[in-house]
Amino acid sequence: MIMHVITNFTASAGAETMLARLLHSSTDERIIVVSLIGISERNRRLADNPRVVYVSLEAASLAALTGAVLRLSRLIKKERPDVILCWMYHAMIAGTVAARIAQHGAKVFWNVRQSLDDPASLTRSSRLAIAMARLLSNLPSGIIYNSARALDLHRKYGYANRNAIVIPNGFELPRLPPSPSAAAARRIGIVGRFHPQKDHGTFFKAAASVIQTHPQAVFSAAGNGLSRDNPAVVELMAQAGLPVHAVDLRGEITDMAKFYQSIDLLVLSSRTEGFPNVIAEAMSYGKPIVTTDVGDAAAVAGNAGIAVPARDPEALAIAIRRILDLPAAKYARYARNARQRVENEYAITAVTEKYVEFLMH
């Protein structure tokens, strides 16, 4: 039996979505998911697996974390899992300490979901957890990284465990229209919560530049906090010189399929990433990519996109213009490359097999 320990299973970011996909594809008789903070109905629905038991420790503050670790250790003693897989830094620390207290003997593995391209963009709590995890990094039986860059940067930072593997995120392939229309691109989208790590300021500056030369371009932004009632977003747009209605701010949306279908190009402007889910998700819908060269973003996009340096609005704008200026036939080639790359490299069935092989052997 496997026990997953995750920091917050109420979130709808890459790690939580990937865990839900693994749960959905799992055929194990019984699985336990323990969240330090909470469980969302959204993630339960994505997992859609009646064999999964969910436990929320409701430790929403550092002060509550000690009690959560003790409750987790008692749960480990009771359930006696064969493997404990800890997702993200806070859960890696909590799961490792709880397993040592329980003295049950289960193998503990870590799942690192973040690169370290720009630690300053992370929260103070995350930076502290990264440092604490480094001190414990010899204790787990192995570490899974979701990008080669994450593995490299964590080793340079001092994560000492040598039993490490890169397993990329996996995706279920949506059905596409049988004959997509051959048209040039004009609708540009970005997906990601409003957070310094995602660097929406650079995106807004690039959008302002693109609009000057391509007034037909249409921009949409989806993610928690990206709404007109968020003054910080409005201020960033103003600083970029963007008119108030130049970007359709969608906020957090539930129908991501509809969003990906509504755009012609996905942009990622992040300062740091591990394996950015949104890139491969958009590619699975046949959408080309313009991305900053962080984490494994450029490697994931491959021949379906263009990578530029982080925190460089004009480089981002130039890359966006390159896609907008493609003739319809060349744009269609990028779209085909996008879909084929996800089919060949990131199908959920193959990724699930890699998890099972690493954890169980």
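**Exercise 1.** Determine whether Arg311 is buried or exposed, and place its salt bridge to Asp118 in the chain.

*Solution.* Step 1: Arg311 has a relative accessible area of 53% and is therefore exposed (buried means under 20% relative accessible area, exposed over 50%, partly exposed in between, with a 1.4 Å probe and protein chains only). The model is a predicted one, in which local features need pLDDT of at least 70 and side-chain atom pairs count only at pLDDT 80 or more, while totals for chains, interfaces and linings use all residues. Residues are numbered from 1 along each chain as its sequence is written, and side-chain values use heavy atoms, with hydrogens and water left out.

Step 2: The closest N and O atoms of Asp118 and Arg311 are 3.7 Å apart, and the two form a salt bridge (a side-chain nitrogen of Lys or Arg within 4 Å of a carboxyl oxygen of Asp or Glu). The pair links distant parts of the chain, 193 residues apart: Asp118 sits in the loop between strand 5 and helix 5 (124-136), Arg311 in the loop between strand 13 (305-308) and helix 12 (313-324). Helices (H or I, at least four residues) and strands (E, at least two) are DSSP runs, numbered from the N terminus.

Step 3: Asp118 counts as buried, at 13% relative accessibility. A network of salt bridges links Asp118, Arg311 and Arg271.

**Exercise 2.** Describe the salt bridge between Arg21 and Glu281.

*Solution.* Step 1: The N to O distance between these side chains is 2.9 Å. Arg21 lies in helix 1 and Glu281 in helix 10 (residues 277-284), so the pair, 260 residues apart, links distant parts of the chain.

Step 2: Arg21 is buried, with a relative accessible area of 14%; Glu281 is buried too, at 14%.

**Exercise 3.** Check the length of helix 14 (residues 348-360) and find which of its residues are buried.

*Solution.* Step 1: The 13 residues, at 1.5 Å a residue, should span 18 Å (1.5 Å times one less than the number of residues). The end C-alpha atoms are 18 Å apart, which agrees.

Step 2: Buried in helix 14 are Ile348, Val351, Thr352, Tyr355, Phe358 and Leu359. They cover an arc of only 130° around the axis, so they lie on the same side of helix 14; the arc is that of the directions from the helix axis to the C-beta atoms.

Step 3: On the other side of helix 14, Thr349, Glu353 and Glu357 are exposed. Among the elements covering the buried residues are strand 1 (2-6), helix 1 (14-25) and strand 4 (83-87).

How values were computed:
Contact means heavy atoms within 4.5 Å.
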